[in-house]
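Let's take a walk through this structure together, one region at a time. Please have the viewer open and follow along as we go.

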Amino acid sequence: MTTYLDAAIDAATMAGDYQITRLGTEVNVEYKGAINLVTEVDKACEKMIIERLLKEFPHHSILAEEGGETKQKSDYKWIIDPLDGTTNYAHGYPLFCVSIGLEYGGEIVAGVVYDPNRKELFTAELGSGSFVNGKKMQVSKAPNVGKSMLSTGFAYNIREKVDNNLDHFRKMILQAQAVRRDGVAAIDLCYVAAGRYDGFWELDLFAWDVAAGGLMIHEAGGKVTRFDGTPATVYDRQIAASNGLIHDELVGLLVGV
């Protein structure tokens, strides 16, 4: 795994550092939906990440946010979000990241999330722990939701869907010590792994949002499931993640809405 992780780190840091050079400059913005943005920086970063990975692993397959999935089939699949937090980025708000996960035989085995604003590099390998800038991460010890700081997010189709997380948000903000909404799911998941957040939930996510961050939590001793507490894959569209200690209470609140 080390060879794969090194390549992902190289690709993620290259893309993230490029994002910083373009932050606050004139960036072309397109709309995939009413509030769903994509910038030329997203596309440029995705291109450089894919080129870097395929140069070393030409037979691997790719699933990326902007370009979709390649036709090439392989036991190895790179799952890429070249710029998680595009809306933040387009507004010059310095909270965004690069997320790269590697799936092998249907299981996420390596992950990298790079926050170029804080120069924080989150890494994980299956069975080997997760780290931030080389320091081993461990989930928090918050014993219940009432003593927890949680995070969540809202999908781009919030205006169209009845099941849009607003009911869950209202319930959680009245139960938890605090709830934050950063707009960057990959970082939220890493923060759970690092013990900065005690739990996270969200609807309508995609594999590239959660592949790397979910592994971070698993390797830091936390738990990731669907809202009903059953095991989750990166292809599920809902996620509940926590330090494990509050998980039953967290999913109980989500199911009760």
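**From a strand pair to a buried aspartate**

A good place to begin is Thr-152, which stands opposite Trp-201 in β13. Please keep in mind that we are looking at a predicted model. The pairing around this spot links strand β11 (residues 149-152) with strand β13 (residues 199-203); the two run parallel and are joined by three bridges.

Now widen the view to the sheet that holds these strands. It is an open sheet of five strands with mixed pairing, and its order reads β12-β11-β13-β15-β14. The edges are taken by β12 (178-181) and β14 (223-225); each has a single partner strand, so one side of each is left without a neighbour in the sheet. On average, neighbouring strands here are turned by 15 degrees against each other, direction ignored. Helix α7 (residues 247-255) packs on this sheet, where it touches β11, β13, β14 and β15 (238-242). If you compare directions, that of α7 makes about 150 degrees with that of β15.

Next, turn to strand β7 (residues 107-115). How many of its nine residues are buried? Eight of them are, so β7 is largely enclosed by the rest of the structure. Strand β6 (residues 97-104) pairs with β7 in the antiparallel sense over seven bridges, and β7 is also joined to strand β8 (residues 120-125), again antiparallel, by six bridges.

Val-113 is a handy landmark for seeing both pairings. Ser-99 stands opposite Val-113 of β7, while in β8 the bridge partner of Val-113 is Phe-122. The connections are worth a look too. Between β6 and β7 the hairpin has two residues, and Gly-105 in the turn has a positive phi of about 60 degrees. The hairpin of β7 and β8 has four residues between the strands, and there Lys-119 takes a positive phi near 55 degrees.

Our last stop is Asp-209, found in helix α6 (residues 207-219). What is the nearest side chain of opposite charge to Asp-209? That is Arg-237, 7.0 Å away; Asp-209 is buried yet has no salt bridge. Its side chain does reach the backbone nitrogen of Phe-206, at 2.8 Å. Leaving aside residues up to four places away in sequence, Asp-209 touches Asp-81, Asp-84, Ala-185, Ala-186 and Leu-189. Try displaying these residues with Asp-209 to see its surroundings in the model.

How values were computed:
Residues numbered from 1 in each chain as written. Predicted model: local features only at pLDDT ≥ 70, side-chain atom pairs only at ≥ 80, totals over all residues. Heavy atoms only, no water. Buried < 20%, exposed > 50% of the residue type's maximum accessible area, 1.4 Å probe, protein only. Lys, Arg positive; Asp, Glu negative; His and termini not counted. Salt bridge = Lys/Arg side-chain N within 4 Å of Asp/Glu carboxyl O. Polar contact = N/O pair within 3.5 Å; in protein donor to acceptor, adjacent residues only side chain to side chain. Contact = heavy atoms within 4.5 Å. Pairing = 2+ DSSP bridges. Axes fitted to C-alpha atoms, helices over the stretch in contact; angles between N-to-C directions.
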